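Colleague: Please take a close look at the enclosed empty space in this model, and then work outward from there to the parts around it. I would like the cut-offs spelled out as you go.

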Amino acid sequence: MTTALIWWAIGIYIVIALLIAYLSRSGKQNNMESYFLGDRKLGGFVSALSYSATTYSAFMLVGLAGLTYNGGVGALGFELIYLMGVSLVAFFGPRFWVAGKKYGYVTPSEMLGDRYNSKSVAITVAITNCLFLIPYSAVQLSGVGYLLQGVSNNAIPYTSGVWIATILALIFSFVAGIRSVAWTDSLQSLFMIVSSTVVVIVLVNGLGGFSGFFEKIEAAQPESLTVPGNGFFSFFAFLGMTIPWFFFSLSNPQVSQRLYMPSSLKSMRFMLMGFLVFGFIYTLVAVIWGFSASIMFPDLENADLATPLVLSSDLVPPVLGVIVMVGIMAAAVSTIDSILLTLSSLFAKDVYGNVSRKKSDRMQLRVGKIVIPIIALLAYLFAEMELNLIAVLSVASSAGLIVVVPSIIGTFFWKRGTAAGALVSVIIPGLFVIIVEFFQIKPLGLASGLWGIILAAILFIGVSLATKAPEEKATEFLSNIKQELKKAK
């Protein structure tokens, strides 16, 4: 795989993606709902592909492959539990959708602030989301940096890959808001699933077919086919990684915000089913990819380089390898631009909108657009730290975001939940997660994500019971959601 071939492939991808982004422009994106939610008119097919591309990023073929390289088959269980967690969308998705339609919510934190009748809740949740999602954005940028550095044998520096991903994400975000992101996501998700699946077939065939493939693993690394195997996936380590991942579809605002976008509940169901099929195939692809790297390159110091080395190996034809490289890069960009839009909408709607007197919809949109490059710059600076093991960093970000889950559940199912309960359950566990992650400690042997969800649940319930609930608002909200659900069905 020559450097010239890599640059040509990147250039062709950029031209095609920019063309699709430009063609996605329809109407005027002159308000928050249009720019950040596509006027709530996304069809099922585009929603499914866009949801898949946003969720499955550099984490999969770089991060999950690296996790498989380090820990073996436990990585498959880890990711399958995430897929099981997506079942939460079947339960909460319609409720998010009807609430958005009824009250005009643009962000999940706006919904929480309104349900608990508190601007402080909206502001706090929005800031918490920004705090933990910027490192997750940086993870995607790092994935592109490691990818291009690895496949080019260091001819393309890590920093160049990070710059390319950052600039592309900014462009896709600005061209037409969520419309351009959704349509480029659709292209990218089809591209990455088809190309990566073909490469896996080539890899397995080159390593002796499926029987020969697993025989090689069993002969060289038998422990990788068992759990805990080499000890990487001990019980509490596995639990600490999977619990935040299980609640990913609720806790991560760039994902839950998409529950406002489908044109109908039928489109949402199509989105969910399409994502589950996509996710199952892509999970198997990433895990087999990681096992392939463990056979071909058994002594890597940085597992995140497993995928680049496999792509540039003799088993993968250069043209096919460079196609998959572009697919992985596209997957990372699709996640970054979605996060940029979500975080900018959170800041504009829930922070600026609740503290400024000039809070018209048009002004909020202007602020959101100003914030996008600032968030991108912060993510870039974080990515330049070149932290290792993308999968672990991704889970650490999700561990911080999980603290909002009890408040979300209470929004729809517990009338007694209060603003004080929501605030305390987000702030204290969030700070605790930051401290635990910063000092790399595990109190009582439990990971930060477990502490986050346990503390958040206890505090939300305890403080809510000890404080007075806005019963009129809670009753009105829950009653309207119930009625709207009946109408929608």
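Modeller: Four cavities of 30 Å³ or more are counted, where a cavity is a set of points, on a 1 Å grid over the protein atoms alone, at which a 1.4 Å probe fits but cannot get out. The largest of them holds about 60 Å³ of space, a volume being the space filled by probe spheres set on the points, with grid points joined across faces, edges and corners. This is a predicted model, in which local features need pLDDT of at least 70 and side-chain atom pairs count only at pLDDT 80 or more, while totals for chains, interfaces and linings use all residues. Residues are numbered from 1 along each chain as its sequence is written, and side-chain values use heavy atoms, with hydrogens and water left out.

The lining of the largest cavity (residues with an atom within 4 Å of a point) includes Pro-108, Ser-109 and Leu-112, together with Val-125, Asn-129, Val-404 and Ile-408; also in the lining are Leu-250, Ser-251, Asn-252, Pro-253 and Ser-256. Helices H7 (108–115), H8 (119–151), H13 (248–251) and H14 (253–256) each supply at least two lining residues, and H7 gives the largest share, three residues. Helices here are DSSP runs of H or I, at least four residues in length, numbered from the N terminus.

From the lining we can step to Gln-254, which lies in H14. Gln-254 counts as buried because its relative accessibility is 1%, buried meaning under 20% relative accessible area and exposed over 50%, with partly exposed in between, for a 1.4 Å probe and protein chains only. Apart from neighbours within four places in sequence, Gln-254 is in contact (heavy atoms within 4.5 Å) with Thr-54, Leu-133, Tyr-136, Phe-248, Ser-338, Ile-339 and Thr-342.

H8, another contributor to the lining, is followed by a loop leading to helix H9 (158–176), and Asn-153 is found in that loop. Asn-153 is not a glycine, yet has a positive phi of about 55°, and it counts as exposed because its relative accessible area is 64%.

Turning to the packing of the interior, the largest nonpolar core has 152 residues; such a core is a set of buried Ala, Val, Leu, Ile, Met, Phe, Trp, Tyr and Cys residues joined through side-chain atoms within 4.5 Å. Helix H17 (residues 318–355) provides the largest share of this core, 20 residues. Leu-148, Met-325 and Met-329 are among the residues that touch the most other members, and Leu-148 also touches both of those methionines directly, along with others including Ile-6, Ile-10 and Ile-164.

H17 is also the place of Gly-353, which counts as buried because its relative accessibility is 7%. Among the contacts of Gly-353 beyond four places in sequence are Lys-359 and Gln-364, and Gln-364 is one of the buried residues of helix H18. H18 (residues 361–383) has 23 residues and spans 33 Å from its first C-alpha to its last, close to the expected 33 Å, the expectation being 1.5 Å times one less than the number of residues. A kink of about 25° nevertheless lies at Val-371, shortly before Pro-373, where the bend is the angle between axes fitted to the seven residues ending at a position and the seven starting there.

Definitions and conventions: On a 1 Å grid over the protein atoms alone, a cavity is a set of points where a 1.4 Å probe fits but cannot get out, and a pocket is an open set with protein on both sides within 12 Å along at least five of seven lines; lining residues have an atom within 4 Å of a point.
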